[in-house]
Amino acid sequence: MLLYRFILIQFLQNFAVAFSFFFCIFFINSILLLVQRILLKNIDLMTMLEMVALSMPQFLIYTFPFASLAASSMVLGDLGSSNELLAIRSSGIASSRVYRPLIAASIVLSFVTFFFADVVLPWSSVVYEERLQILMQEMPTFEIESNTVNTVGNIVLQNGETEGNIIHDIVLLSEEEGENRTVLSERGTLTLIDSWNYIYSLRLENPEILITDSDDIESYGLSHADSAEFFLDFSEQIPSLTSSAPVNLSSRDLISGIAERSESERADMLSWHERREEEKLALSEALKAVSRGEEDGSYLISTIAETDSEIQSRGDHPPRNFYSQYYKAELTKKFVLSAACFCLTLITLPLSMFRVKHGKLTGFAISLLIAVAYWYMLFAVQLEIFNIHSSPYLLIALPDILITVIALLLIMRFRKAR
């Protein structure tokens with residue numbers, strides 16, 4: 001118990017340090033850089049902090065596994081560099097007794113991570129959206145500073161001085177389907193008309209409008225009006241750290257969503273197979289007609305070749321339903337990230353077989369390399385879920401499986417070597 005208590009205290013101390021490190025990285029990259037771009041700089045400090053706090057669960061589910069990895073690496077590296085592991089084994093205490101508190105702590109952290117992913121994140125997502133809607137309704141206009149250039153989708157807005165929602169010296173550039181539009185106006189009024197979708201109305205006084213064709217430089221249209229009204233979609237300027245997307249749903253909601261889409265997916269697959277069989281049958285009948293000389297061979301051969309090429313281009317597997325794959329992947333990821341606390345801790349155990357200099361620092365450096373590798377593996381498999389013709393459960397779990405297998409092989413090899 002003395003050894004267990006000592007290892008556990010060391011783990012918790014290093015976990016606090018590692019958690020702070022990864023938390024700051026995710027916090028800066030996922031929160032502060034976005035907050036700087038959004039409208040929330042007009043609200044009071046307490047509301048700002050509330051919005052940031054509600055966004056934190058989005059990256060805490062990654063912070064726990066990586067902090068667990070780093071803490072275990074630092075503990076074992078420190079014990080190895082100070083010869084404490086050697087002293088423990090020399091006293092007749094098996095290495096497995098050093099591992100037990102680390103494994104137990106990682107299992108507890110796995111449950112904590114799942115709680116954040118399945119309970120805290122969906123709850124914070126709902127509250128965040130509700131709070132953001134209230135804030136947008138309280139703010140009469142989008143913030144546009146004087147003498148700036150703002151890009152919103154395919155629209156570029158250059159303006160002079162601003163007074164509340166009154167904008168002077170407006171130059172509006174837009175492009176849509178090869179048509180370029182340039183609008184000049186000395187004065188305009190920006191008004192929020194749809195607080196749910198963040199649609200704004202820009203009413204211009206005495207505008208001049210120049211329309212040109214990207215494919216024909218000699219074609220243009222120039223017009224003048226007493227007034228004109230444009231509608232601007234600023235939704236992309238609003239942070240979407242939390243939303244009702246599958247990534248922010250609970251496992252129960254995801255399972256429900258998968259069940260709802262399963263019937264539609266089965267119907268689509270059945271329709272695909274039926275259509276494929278009908279095309280193959282029609283192709284076979286056409287070939288028979290040509291061989292019997294009943295039809296014009298040259299015409300049918302061309303038609304047959306096109307039909308066969310189309311069948312081959314579709315492949316041998318029906319396309320998977322996009323949302324079904326997405327929901328299945330996000331459901332699996334909740335369990336994968338939770339189990340990562342255990343898997344990533346497991347791969348650090350072979351570190352106890354080495355005596356390294358600056359053990360704690362070396363352990364932390366090794367944990368960073370493993371964390372980056374795991375992050376890229378998880379990112380890579382998520383990109384492939386729409387390219388496979390089967391359910392993505394195993395694919396999403398592949399990083400955890402690979403890490404666990406490597407860890408077990410290393411442990412078995414070093415135990416045999418001893």
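The following paragraphs describe selected helices, strands, aromatic pairs and surface features of this structure, which is a predicted model.

Among the helices, α2, which spans residues 45–55, has a set of buried residues that comprises Thr47, Met48, Met51, Val52, Leu54 and Ser55. When the helix is viewed down its axis, these buried residues of α2 fall within an arc of 160°, so they line one face of the helix. Leu45 and Met46, by contrast, lie on the other side of α2 and are exposed. This arrangement can be read against the general geometry of such elements: an α-helix has 3.6 residues a turn, so residues three or four places apart point the same way.

Aromatic contacts form a further feature of the model, in which 20 aromatic pairs are found. One of these pairs is made by Phe11 and Phe15, whose rings are stacked, with a distance of 6.1 Å centre to centre and an angle of 20° between the planes. Both partners belong to helix α1, which covers residues 2–35, and because they are four residues apart in that helix, Phe11 and Phe15 are separated by about one helical turn. Phe11 is buried, and Phe15 is likewise buried. A further pair, that of Phe64 and Phe116, is tilted, with 5.3 Å centre to centre and 50° between the planes. Since Phe64 lies in helix α3 (residues 57–81) whereas Phe116 lies in helix α5 (residues 95–138), this pair ties together parts that are 52 residues apart in sequence. Here too the two partners, Phe64 and Phe116, are buried.

Helix α1 also contains Val17, a residue that is exposed because its relative accessible area is 52% and the cut-off for exposed residues is over 50%. Although Val17 and Ala67 are 50 residues apart in sequence, their C-alpha atoms are 8.3 Å apart in space. Elsewhere on the surface, Val372, Trp375, Tyr376, Phe379 and Leu383 make a nonpolar patch of about 530 Å². Of these residues, Val372 is found in helix α9, which runs over residues 359–383, and with a relative accessibility of 46% Val372 counts as partly exposed.

The strands can be followed through a series of antiparallel pairings, several of which involve β4. Strand β2 (residues 155–158) is joined to strand β4 (residues 166–176) by four bridges, and the two run antiparallel; within this pairing, Ile155 stands opposite Ser174 of β4. Strand β3, made of residues 162–163, also pairs with β4 in the antiparallel sense, over two bridges, and the bridge partner of Thr162 in β4 is Ile167. The hairpin of β3 and β4 has two residues between the strands, and in this hairpin Gly164 takes a positive phi near 65°. Strand β4 is further joined to strand β5 (residues 179–194) by 10 bridges, again with an antiparallel course. Ile167 has Gly188 as its bridge partner in β5, while its partner on the β3 side is Thr162. A hairpin with two residues between the strands is also formed by β4 and β5, and Glu177 in its turn has a positive phi of about 55°.

A separate antiparallel pairing links strand β7 (residues 208–213) to β8 through six bridges. In this pairing Ile211 stands opposite Gly221 of β8, and the two strands form a hairpin with two residues between them. Strand β8, which covers residues 216–224, is hardly covered, for the count of buried residues among its nine residues is zero.

Backbone angles in two loops complete the description. Most residues other than glycine have a negative phi, and most peptide bonds are trans. Asn147, however, has a phi near 55°, a positive value in a residue other than glycine. Asn147 is located in the loop between α5 and β1, and with a relative accessibility of 53% it counts as exposed. Asn206 likewise has a positive phi, of about 50°, although it is not a glycine. This residue, Asn206, lies in the loop between β6 and β7, and its relative accessible area of 46% makes Asn206 partly exposed.

Methods: Residues are numbered from 1 along each chain as its sequence is written. This is a predicted model: local features need pLDDT of at least 70, side-chain atom pairs count only at pLDDT 80 or more; totals for chains, interfaces and linings use all residues. Side-chain values use heavy atoms; hydrogens and water are left out. Buried means under 20% relative accessible area, exposed over 50%, partly exposed in between (1.4 Å probe, protein chains only). The arc is that of the directions from the helix axis to the C-beta atoms. Two strands pair if DSSP finds at least two bridges between them. Rings of Phe, Tyr and Trp (its six-membered ring) pair if their centres lie within 6.5 Å; planes under 30 degrees apart count as stacked, over 60 as edge-to-face and the rest as tilted. Patches are made of residues with over 30% relative accessible area and no salt bridge: like charges are joined within 9 Å, nonpolar side chains (Val, Leu, Ile, Met, Phe, Trp, Tyr) within 5 Å. Accessible areas come from the Shrake-Rupley method with a 1.4 Å probe; for residues, only the protein chains shown count as cover. A salt bridge is a side-chain nitrogen of Lys or Arg within 4 Å of a carboxyl oxygen of Asp or Glu.
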